[in-house]
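Colleague: I would like a close look at one part of this protein, the nonpolar core and what surrounds it. Please walk me through it step by step.

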Amino acid sequence: MTRKNPLTLLSLPLFSLALLFNSVANAGTADKKWINLFNGKDLDGWIIKFAGHDLGENYQKTFQVKDGKLVADYSNYTAFDGDFGHIFYTQKFSNYTLRLEYRFTGEQTSGGPGWAYRNSGIMIHSQPPESMARDQLFPASVEVQLLGGRDTGERPTANVCTPATHINLNGKLETEHCINSTSATFRGDQWVTVEVEVRNSQMIRHSVNGGTVLEYNAPQVDATDEETPPYGPAGNLLRDGYIALQAESHPVEFRNIRVLNHDQ
């Protein structure tokens, strides 16, 4: 029997070696499949909660499916009156990667707050929608804030905001409500791809169009916030939760909403 010489690898071009080792390293990931959270036809698998309204009420038919996209549509509104909405996927996740595309369209609804101009978000590690108080504006969660640029000035996207929570950033507890990422500013109605890698409480990484723009860890309860649900005492780590998308008064569209569940 002819025995292969392990030193034969050394004769391969460096580029070929890199491809070989990269294939081995990614073998486990390649075997996993992305799960489509949105079927492009209806809102099956999702549940809606608007501030001031009962669970499951799709106020003014805000959340709709149009041309294969999940949209927040304000054509039935005369004015926005604090009716912040969230649509939750009904399965809880802990260790996963979420990827989607979003874009803002048209004009902000009359009555929407100035900060909500071209503003939406992805809520991760969220409390269950059924545990929200009727008038609660936002679920306790970690928000991947999605922003569109104004006519001038910088306005990064995939920032982090913390309704009723805190995070650790650069090795220390961060109590600022919103922290900017290092992303570019995206103006107009262009599609932007956002990816969020969530490793329970150990690491959360935001990427925009393939590049990392923010990383932090230890999402935890802020027990000083009056809207904190019964997650436990201050500092209790959030290791799993629900995914939700926001409707905050500016029309927004989502498509290709997929999860790679690292626990499967």
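Colleague: Before the core itself, among contacts in the protein between residues at least 6 apart in sequence, what share join residues at least 24 apart?

Modeller: Keep in mind that this is a predicted model. The share you ask for is 69%. The protein has 264 residues, and 49% of them are buried. Its secondary structure comes to two helices and 17 strands. The protein exposes about 13100 Å², and carbon and sulfur atoms supply 49% of that area.

Now the core. In soluble globular proteins, nonpolar side chains tend to be buried together. The largest nonpolar core here has 49 residues. Within this core, I122, I124 and I257 touch the most other members. Strand β6, residues 95-104, gives the largest share, with five residues.

Take I124 as a viewpoint. Leave aside its neighbours within four places in sequence. I124 is then in contact with Y96, S141, V142, V144, V196, V198, I204, Y216 and Y242. Another core lies apart from the largest one. That other core has five residues, among them F88, M123, Y242 and A244. Notice Y242: this residue touches I124, yet Y242 belongs to the other core.

Next, P163. This residue is in the loop between β9 (159-161) and β10 (165-169). Is P163 buried or exposed? P163 counts as buried because its relative accessibility is 10%, and the cut-off for buried is under 20%. Not counting residues up to four places away in sequence, P163 touches M123, F138, P139, A140, S141, E143 and H177. Two of these names have come up already. M123 is in the other core, and S141 is in contact with I124. P163 and S126 are 37 residues apart along the chain, and their C-alpha atoms are separated by 9.7 Å.

Now move to R199, in strand β13 (residues 192-199). R199 counts as partly exposed because its relative accessibility is 26%. R199 and Y96 are 103 residues apart along the chain, but their C-alpha atoms are separated by 6.5 Å. Y96 is also in contact with I124. Leaving out residues up to four places away in sequence, R199 touches S94, N95 and H262.

N200 is in the loop between β13 and β14 (203-208). Its phi is near 40 degrees, a positive value in a residue other than glycine. Most residues other than glycine have a negative phi. N200 counts as buried because its relative accessibility is 18%. N170 also has a positive phi, about 55 degrees, although N170 is not a glycine. N170 lies in the loop between β10 and β11 (172-174). N170 counts as exposed because its relative accessibility is 75%.

Last, the empty space. How many cavities of 30 Å³ or more does a search of the whole structure find? The search finds one. The largest cavity has a volume of about 40 Å³. Its lining is Y102, R103, F104, R118, L147, G148, F186, G188, Q190 and V192. These residues divide into five nonpolar, three polar and two charged. Strand β6 returns here: β6 gives the most to the lining, with three residues. So β6 has two roles in this picture, because β6 also supplies the largest share of the largest nonpolar core.

Notes: Residues are numbered from 1 along each chain as its sequence is written. This is a predicted model: local features need pLDDT of at least 70, side-chain atom pairs count only at pLDDT 80 or more; totals for chains, interfaces and linings use all residues. Side-chain values use heavy atoms; hydrogens and water are left out. A nonpolar core is a set of buried Ala, Val, Leu, Ile, Met, Phe, Trp, Tyr and Cys residues joined through side-chain atoms within 4.5 Å. Buried means under 20% relative accessible area, exposed over 50%, partly exposed in between (1.4 Å probe, protein chains only). Helices (H or I, at least four residues) and strands (E, at least two) are DSSP runs, numbered from the N terminus. Contact means heavy atoms within 4.5 Å. Accessible areas come from the Shrake-Rupley method with a 1.4 Å probe; for residues, only the protein chains shown count as cover. On a 1 Å grid over the protein atoms alone, a cavity is a set of points where a 1.4 Å probe fits but cannot get out, and a pocket is an open set with protein on both sides within 12 Å along at least five of seven lines; lining residues have an atom within 4 Å of a point. Grid points are joined across faces, edges and corners, and a volume is the space filled by probe spheres set on the points. Ala, Val, Leu, Ile, Met, Phe, Trp, Tyr, Cys and Pro count as nonpolar, Asp, Glu, Lys and Arg as charged, and the others, Gly among them, as polar.
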